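Q: I am new to this structure and should be grateful for a close look at a single part of it. Please begin with one residue and then set out its surroundings step by step.

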Amino acid sequence: MNPPFSAAVQHVKHALGFLDDDGTLVAVMPESVLWHSDRATVEFRELIALAEGTFAPLPDDSFAPSGANVRTVLLVVDAQAGGPLPTHGWHHSQPRQLDLFTTT
């Protein structure tokens, strides 16, 4: 996937919810995901590390032909049943919450 770089972490986390438990997510992300210190990005890096995902730097001129001169990395992370990623299967295995506002 190639999420909008201004919201890359949020888009990738959302995409994980559609990933099968044995799936692989590959995303082009801005290099800043490696060093931003805001809470969401730090927690995202920790989640990827728990899942043994990798961030591989891409060459600086990878997207120059399209007019973009931005440093990028390629995220590759594999999902596993029972693993740390909030995948599609993970969401379905969570206990259902009692809806206190339902009327019957």
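In which element is T72 found, is T72 buried or exposed, and with which residues is T72 in contact, leaving aside its neighbours within four places in sequence? Please then describe how the strands are ordered in the sheet.

A: T72 belongs to strand 3 of what is a predicted model. The relative accessible area of T72 is 3%, and because the limit for a buried residue is under 20%, T72 counts as buried. If its neighbours within four places in sequence are set aside, T72 is in contact with F5, V28, M29, P30, E31, P57, L58 and F63.

The residue just before it may be considered next. R71 lies in the loop between strand 2 and strand 3. With a relative accessible area of 48%, R71 is partly exposed, whereas T72 is buried. R71 touches M29, P30, E31 and D60, when residues up to four places away in sequence are not counted. M29, P30 and E31 are likewise among the contacts of T72. Between R71 and P57 the C-alpha distance is 8.0 Å, and the two residues are 14 apart in sequence.

The strand that holds T72 can now be placed in its sheet. Strand 3 covers residues 72–78. The sheet is open and consists of 3 strands in the order 1-3-2, with antiparallel pairing. Strand 1 (24–30) and strand 2 (54–57) are at the edges; each has a single partner strand, and therefore one side of each has no neighbour in the sheet. From one strand to the next, the twist averages 25°. In general, the strands of a sheet pair through backbone hydrogen bonds, in either a parallel or an antiparallel manner.

The two pairings of strand 3 may be taken in turn. Strand 3 is joined to strand 1 by 7 bridges, and these two strands run antiparallel. Along this pairing, V26 stands opposite V76 of strand 3, and T24 has D78 of strand 3 as its bridge partner. Strand 1 is mostly covered, since 5 of its 7 residues are buried. With strand 2, strand 3 shares 4 bridges, and this pair also runs antiparallel. Here T54 stands opposite V76 in strand 3. V76 thus faces V26 and also T54.

A helix lies against this sheet. Helix 1 (residues 8–16) packs on the sheet and touches strand 1 and strand 3. The direction of helix 1 makes about 175° with that of strand 1.

Helix 1 also meets a second helix. Two packed helices are described by the angle between their axes and the distance between the axes. The axes of helix 1 and helix 2 come within 10 Å and cross at roughly 40°. Helix 1 and helix 2 are therefore oblique to each other, and their crossing is left-handed. Helix 1 contributes V9, V12, K13 and L16 to the contact, while helix 2 contributes A40, T41, F44 and L47. By character, the residues of this contact are 6 nonpolar, 1 polar and 1 charged.

Two loop residues complete this view of the surroundings. E52 is placed in the loop between helix 2 (39–50) and strand 2. Its phi is positive, about 60°, although E52 is not a glycine. Most residues other than glycine have a negative phi. E52 counts as exposed, at 69% relative accessibility.

Beyond strand 3, Q80 is found in the loop that leads from this strand to helix 3 (88–93). Q80 has a relative accessible area of 55% and is exposed. The C-alpha atoms of Q80 and G23 are separated by 7.6 Å, although the two residues are 57 apart along the chain.

The whole chain may be summarised last. The chain has 3 helices and 3 strands, which follow the pattern α-β-α-β-β-α along the sequence. Of its 104 residues, 30% count as buried, T72 being one of the buried residues. Among contacts between residues at least 6 apart in sequence, 62% join residues at least 24 apart. To return to the request, T72 is a buried residue of strand 3, and strand 3 is paired with strand 1 and with strand 2.

Conventions: Residues are numbered from 1 along each chain as its sequence is written. This is a predicted model: local features need pLDDT of at least 70, side-chain atom pairs count only at pLDDT 80 or more; totals for chains, interfaces and linings use all residues. Side-chain values use heavy atoms; hydrogens and water are left out. Two strands pair if DSSP finds at least two bridges between them. Axes are lines fitted to C-alpha atoms, for helices over the stretch in contact, and angles run from 0 to 180 degrees between N-to-C directions. Contact means heavy atoms within 4.5 Å. Buried means under 20% relative accessible area, exposed over 50%, partly exposed in between (1.4 Å probe, protein chains only). Angles under 35 degrees count as roughly parallel, over 145 as roughly antiparallel, 65 to 115 as roughly perpendicular and the rest as oblique. A crossing is left-handed if the near helix is turned anticlockwise from the far one by less than a right angle, and right-handed if clockwise. Ala, Val, Leu, Ile, Met, Phe, Trp, Tyr, Cys and Pro count as nonpolar, Asp, Glu, Lys and Arg as charged, and the others, Gly among them, as polar.
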